[in-house]
Amino acid sequence: MSYIAMMPLRKNVPNPTHSDWQPAYCPICGRECWRQEKNSALLMRIFSDVRFLCTECGLLRSAQDGSSHAE
């Protein structure tokens, strides 16, 4: 089972106020996102097969897979 963690799109959150949000790119569509470093580290410790996708790709992939494990 693969888990999906969603990264906020930069177009939706142009100037985050959290210092641990780092620029990233969605591995599927290539859009600019924000990766939440503290949350990412925790998720990778809990779920070895977590994938970090932008919110749009994460929602689409989750719906296609029939998964209820969107984080």
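**Exercise 1. Find how many salt bridges a search of the whole structure gives, and work out which residues they join.**

*Solution.* A search of the whole structure finds 3 salt bridges. The model is a predicted one, and every distance below is computed from it. Let's take the pairs in turn.

Step 1. Arg 10 pairs with Glu 32, and their closest N and O atoms are 3.6 Å apart. This pair links distant parts of the chain, 22 residues apart: Arg 10 is in the loop between S1 and S2, while Glu 32 is in strand S3 (residues 32–36). Arg 10 counts as partly exposed because its relative accessibility is 30%. Glu 32, at 39%, is partly exposed too.

Step 2. Glu 56 and Lys 11 meet through their side chains in a salt bridge of 3.1 Å, N to O. Here 45 residues separate the partners, with Glu 56 in helix H2 and Lys 11 in the loop between S1 and S2. Lys 11 has a relative accessibility of 57%, so it counts as exposed.

Step 3. Arg 31 also forms a salt bridge with Glu 56, and the closest N and O atoms are 2.5 Å apart. The pair connects the loop between S2 and S3, where Arg 31 sits, to helix H2, which holds Glu 56, across 25 residues. Both Arg 31 and Glu 56 are partly exposed.

Step 4. Now put steps 2 and 3 together: Lys 11, Arg 31 and Glu 56 are linked in a network of salt bridges.

**Exercise 2. Asp 20 is buried; decide what charged partner, if any, its side chain has.**

*Solution.* Step 1. Start with the location: Asp 20 is found in the loop between S1 and strand S2 (21–25).

Step 2. Look for the nearest side chain of opposite charge, which belongs to Lys 38 and is 5.2 Å away.

Step 3. Compare with the cut-off: a salt bridge needs the nitrogen within 4 Å of the carboxyl oxygen. Asp 20 therefore has no salt bridge.

Step 4. List what does surround Asp 20. Leaving aside neighbours within four places in sequence, its contacts are Arg 35, Gln 36, Glu 37, Lys 38 and Asn 39.

**Exercise 3. Describe the largest nonpolar core and the surroundings of Phe 52, one of its members.**

*Solution.* Step 1. The core has 15 residues, and those that touch the most other members are Cys 26, Cys 33, Val 50, Phe 52 and Cys 54.

Step 2. Ask which strands contribute: S1 (3–7) and S4 (50–54) each supply at least two residues of this core.

Step 3. Zoom in on Phe 52. Beyond its neighbours within four places in sequence, Phe 52 is in contact with Ala 5, Met 7, Pro 27, Arg 35, Ser 40, Leu 43 and Met 44.

Step 4. Set this beside a general pattern: in soluble globular proteins, nonpolar side chains tend to be buried together.

Step 5. For contrast, look at Met 6, which lies in strand S1. Met 6 has a relative accessible area of 22%, so it is partly exposed.

**Exercise 4. Which residues of helix H2 are buried, and where do they lie around the axis?**

*Solution.* Step 1. In H2 (residues 55–65), the buried residues include Cys 57, Gly 58 and Ser 62.

Step 2. They lie on the same side of H2, because they cover an arc of only 130 degrees around the axis. A helix-wide rule helps here: an α-helix has 3.6 residues a turn, so residues three or four places apart point the same way.

Step 3. Turn to the other side of H2, where Leu 59, Leu 60, Ala 63 and Gln 64 are exposed.

Step 4. Finally, find the packing partners: the buried residues of H2 pack against S1 and S4.

**Exercise 5. Summarise the fold, and determine how the radius of gyration compares with the globule rule.**

*Solution.* Step 1. The chain has 2 helices and 4 strands, in the order β-β-β-α-β-α along the sequence.

Step 2. The radius of gyration is 12 Å, close to the 11 Å that the globule rule gives for 71 residues, so the chain is as compact as a globular protein of that length.

Step 3. Add the dimensions: the C-alpha trace spans about 30 × 25 × 15 Å along its principal axes.

Step 4. Check burial and contacts. Buried residues make up 32% of the 71 residues. Among contacts with a separation of 6 or more, 58% come from residues 24 or more positions apart.

Key. Residues are numbered from 1 along each chain as its sequence is written. This is a predicted model: local features need pLDDT of at least 70, side-chain atom pairs count only at pLDDT 80 or more; totals for chains, interfaces and linings use all residues. Side-chain values use heavy atoms; hydrogens and water are left out. A nonpolar core is a set of buried Ala, Val, Leu, Ile, Met, Phe, Trp, Tyr and Cys residues joined through side-chain atoms within 4.5 Å. Buried means under 20% relative accessible area, exposed over 50%, partly exposed in between (1.4 Å probe, protein chains only). Contact means heavy atoms within 4.5 Å. The arc is that of the directions from the helix axis to the C-beta atoms. Lys and Arg count as positive and Asp and Glu as negative; His and the chain ends are not counted. The radius of gyration is taken over C-alpha atoms; the globule rule is 2.2 Å times the number of residues to the power 0.38.
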